[in-house]
Amino acid sequence: MERGMLRAVVLVLVLICRISTEYYTVKGQPTTTFKECYVGCFVLCMIVPPHSPFDCSFQCLKDCLIPKIPQSTATGTHVDNNFNFCKLGCSASLCSKISTQQNPGGDKVESCVGSCSGQCTKTYLSP
């Protein structure tokens, strides 16, 4: 019974944190850094079994990289979408194995994602 109660409390905390990790103001600008978003998301994800570090890493990369802008204010272009999915794909393949169950590796993941962002900028946003 005690174990079931603990899981319920953890699940509620995860849901609250997921809702609060929307991290976006009315204008769609992030109010936290990528590293803060990723580390917080990863730690909370790992608390709830049966998630693997890879599962949590991918989910948190997705949640922290792709902006969550309400449909009514979304003005993203095809280029913006390609750029975001380029960053996610590159990050998922190159950065998702950095985090371990004991250490999210926020600095290393942030650096890796920055490298992917640079490559995707050259591909999709350069004139």
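# A guided tour of the helices and disulfides

Begin by selecting Cys86 and Cys120, which are joined by a disulfide with an S to S distance of 2.0 Å. Because Cys86 lies in helix H4 and Cys120 in helix H5, this pair ties together parts that are 34 residues apart in sequence. Look along the S-S bond of Cys86 and Cys120 and you will find a torsion of -80°, which makes the link left-handed. As you turn this view, keep in mind that the model is a predicted one.

Now colour these two cysteines by their accessibility. Cys86 has a relative accessibility of 22%, so it counts as partly exposed, whereas Cys120, at 1%, counts as buried. The cut-off that decides this is 20%, since a residue is called buried under that value and exposed over 50%, with partly exposed in between.

Next, stay with the same two helices and select Cys90 and Cys116, whose sulfur atoms are 2.1 Å apart in another disulfide. This pair also links distant parts of the chain, with Cys90 in helix H4 and Cys116 in helix H5, 26 residues apart. The torsion about the S-S bond is -70° here, and the link of Cys90 and Cys116 is left-handed. Cys90 has a relative accessibility of 18% and therefore counts as buried, and Cys116, at 1%, counts as buried as well.

With both links in view, show the whole of helix H4, residues 78–94, together with helix H5, residues 106–125, and follow their axes, which come within 9 Å and cross at roughly 145°. The crossing in which H4 passes H5 is right-handed. To see where the helices touch, select on the H4 side Val79, Asn82, Phe83, Cys86, Lys87, Cys90, Ser91 and Leu94, which meet Cys112, Val113, Cys116, Ser117, Cys120, Thr121, Tyr124 and Leu125 on the H5 side. Coloured by kind, the residues of this contact divide into 11 nonpolar, four polar and one charged.

Then move to an earlier part of the chain and select Cys45 and Cys56, which form a disulfide with their sulfur atoms 2.1 Å apart. Cys45 sits in helix H2, residues 34–47, and Cys56 in helix H3, residues 53–65, so that the pair, 11 residues apart, links distant parts of the chain. The torsion about the S-S bond of Cys45 and Cys56 is about -80°, and the disulfide is therefore left-handed. Both Cys45 and Cys56 are buried.

Select every cysteine sulfur next, and ask how many disulfides a search of the whole structure finds. The search finds six. When the bonded cysteines are counted along the chain, the disulfides follow the pattern 1-6, 2-5, 3-4, 7-12, 8-11, 9-10.

Finally, switch to a cartoon of the whole protein, where the secondary structure comes to five helices and zero strands, in the order α-α-α-α-α along the sequence. Of the 127 residues in the protein, 30% are buried. If you display contacts between residues at least 6 apart in sequence, 63% of them join residues at least 24 apart. A surface view closes the tour, with about 8200 Å² exposed by the protein, of which carbon and sulfur atoms supply 62%.

Conventions:
Residues are numbered from 1 along each chain as its sequence is written. This is a predicted model: local features need pLDDT of at least 70, side-chain atom pairs count only at pLDDT 80 or more; totals for chains, interfaces and linings use all residues. Side-chain values use heavy atoms; hydrogens and water are left out. Helices (H or I, at least four residues) and strands (E, at least two) are DSSP runs, numbered from the N terminus. Buried means under 20% relative accessible area, exposed over 50%, partly exposed in between (1.4 Å probe, protein chains only). Contact means heavy atoms within 4.5 Å. Accessible areas come from the Shrake-Rupley method with a 1.4 Å probe; for residues, only the protein chains shown count as cover. Axes are lines fitted to C-alpha atoms, for helices over the stretch in contact, and angles run from 0 to 180 degrees between N-to-C directions. A crossing is left-handed if the near helix is turned anticlockwise from the far one by less than a right angle, and right-handed if clockwise. Ala, Val, Leu, Ile, Met, Phe, Trp, Tyr, Cys and Pro count as nonpolar, Asp, Glu, Lys and Arg as charged, and the others, Gly among them, as polar. A disulfide is a pair of cysteine sulfur atoms within 2.5 Å.
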